[in-house]
Amino acid sequence: MADKKNPDNDAAGVPDDGTAAAGAGVPAESVPDSASVADGEAAASADGIEEDELTVQDILDAAEREVAEPTSEHLADLKRVTAEYANYRRRTEANRAIEKERVTGDIVKILIPVLDDIYRAEKHGDLVPDSAFATIAAKLRSSVERLGLTSFGAVGDPFDPTMHEAIFQQPSAVVDTETVGDVAETGYYLGSTLLRAAKVVVQVPSDG
């Protein structure tokens with residue numbers, strides 16, 4: 001007849017084959033506590049952030065140290081940037097001056113025909129001193145001179161092909177070199193720019 005199971009064993013949940021539950025022989029103190037493991041991992045993570053990652057203050061401190069004691073490489077970069085900026089300023093100022101002179105020249109060229117009429121009137125004696133016409137002519141000439149316009153071309157000046165345009169040659173026994181004998185049209189400079197060459201009659205030394 002089969003043996004009956006021990007009710008004590010059944011109540012305790014112990015297998016009837018007499019084997020102990022797995023891990024029954026491991027001491028309790030050797031099993032790590034889950035809370036301790038979590039605390040250790042958090043501490044390790046915090047340590048890693050402090051050691052490996054830069055903070056904003058770290059970056060600011062490094063920048064201050066660089067300003068106080070710049071490296072030779074950064075000094076070279078600073079000198080290069082400074083030189084480039086100086087060259088840029090010179091080019092900009094030169095271009096600005098050229099553009100200003102060009103615009104002024106365009107405006108003054110519109111007034112040159114009026115100045116030619118004043119010159120012809122003066123040459124033929126129509127520009128009577130102290131007259132209203134003479135006063136207006138003087139004001140106009142003064143205004144364009146303030147803009148940098150200068151006239152050239154006068155009887156007796158040495159002939160210069162870079163400034164004068166010869167419209168006629170006249171042999172003369174009283175000159176030793178080519179000389180301006182008459183001015184048909186006054187020449188004008190705006191600053192250093194030649195706006196118009198003077199049209200002149202050139203006296204040349206005669207053979208006899």
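Start your tour by selecting Arg141: at 27% relative accessibility, this residue counts as partly exposed. Keep in mind that you're looking at a predicted model.

**Stop 1: Arg141 and a partner**

Now add Glu122 to your selection. Glu122 and Arg141 form a salt bridge, with their closest N and O atoms 2.9 Å apart. Color the helices and you'll see that Glu122 sits in helix α4 while Arg141 sits in helix α5 (residues 132–146), so the pair ties together parts that are 19 residues apart in sequence. Glu122 is partly exposed too, with a relative accessible area of 41%.

**Stop 2: along helix α4**

Stay on α4, which covers 72–123, and select Glu99 and Arg102. Their side chains meet in a salt bridge, 2.6 Å from N to O. Both residues belong to α4 and are three residues apart, about one turn of the helix. How exposed is Arg102? Its relative accessible area is 45%, so Arg102 is partly exposed. Glu99, at 37% relative accessibility, also counts as partly exposed.

**Stop 3: over to the strands**

Next, pick Lys199 and Glu185. Here is another salt bridge, with the closest N and O atoms 3.8 Å apart. This pair links distant parts of the chain: Lys199 is in strand β6 and Glu185 in strand β3, 14 residues apart. Is Glu185 buried or exposed? With a relative accessible area of 17%, Glu185 is buried, because buried means under 20%. Lys199, on the other hand, is partly exposed at 30%.

Don't clear the selection yet: add Asp116 and Arg196. Salt bridges that share partners join these two with Glu185 and Lys199 into one network. If you searched the whole structure, you'd find ten salt bridges.

**Stop 4: a little hole**

Keep Asp116 and Glu185 on screen, and add Tyr119, Arg120, Ala184 and Thr186. These six line the largest cavity. What is the volume of this cavity? It comes to about 30 Å³. As for cavities of 30 Å³ or more, the count is one.

Which element gives the most to the lining? That's α4, with three residues. Both α4 and β3 (179–185) supply at least two lining residues each. By type, the lining divides into two nonpolar, one polar and three charged residues.

**Stop 5: the nonpolar core**

Time for some greasy company. In soluble globular proteins, nonpolar side chains tend to be buried together. To see a group like that here, select Phe152, Phe159, Val180, Val183, Ala198, Val200, Val202 and Val204: these eight residues make up the largest nonpolar core. Strands β3 and β6 (198–205) each supply at least two residues of this core. The largest share, four residues, comes from β6.

Now zoom in on Val200 and show what surrounds it. Leaving out residues up to four places away in sequence, Val200 touches Phe159, His164, Glu165, Ala166, Ile167, Phe168, Val180, Asp182, Val183 and Ala184.

**Last stop: another core**

Finally, select Val108, Ile112, Leu115 and Tyr188. They are among the seven residues of another core, which lies apart from the largest one. Leave both cores showing in two colors, and you can compare them at your own pace.

Terms used:
Residues numbered from 1 in each chain as written. Predicted model: local features only at pLDDT ≥ 70, side-chain atom pairs only at ≥ 80, totals over all residues. Heavy atoms only, no water. 1 Å grid on protein atoms, 1.4 Å probe; cavity = no way out; pocket = protein on both sides within 12 Å on 5 of 7 lines; lining within 4 Å. Points joined across faces, edges and corners; volume = space filled by probe spheres on them. Nonpolar A, V, L, I, M, F, W, Y, C, P; charged D, E, K, R; others polar. Core = buried A, V, L, I, M, F, W, Y, C linked by side-chain atoms within 4.5 Å. Buried < 20%, exposed > 50% of the residue type's maximum accessible area, 1.4 Å probe, protein only. Contact = heavy atoms within 4.5 Å. Salt bridge = Lys/Arg side-chain N within 4 Å of Asp/Glu carboxyl O.
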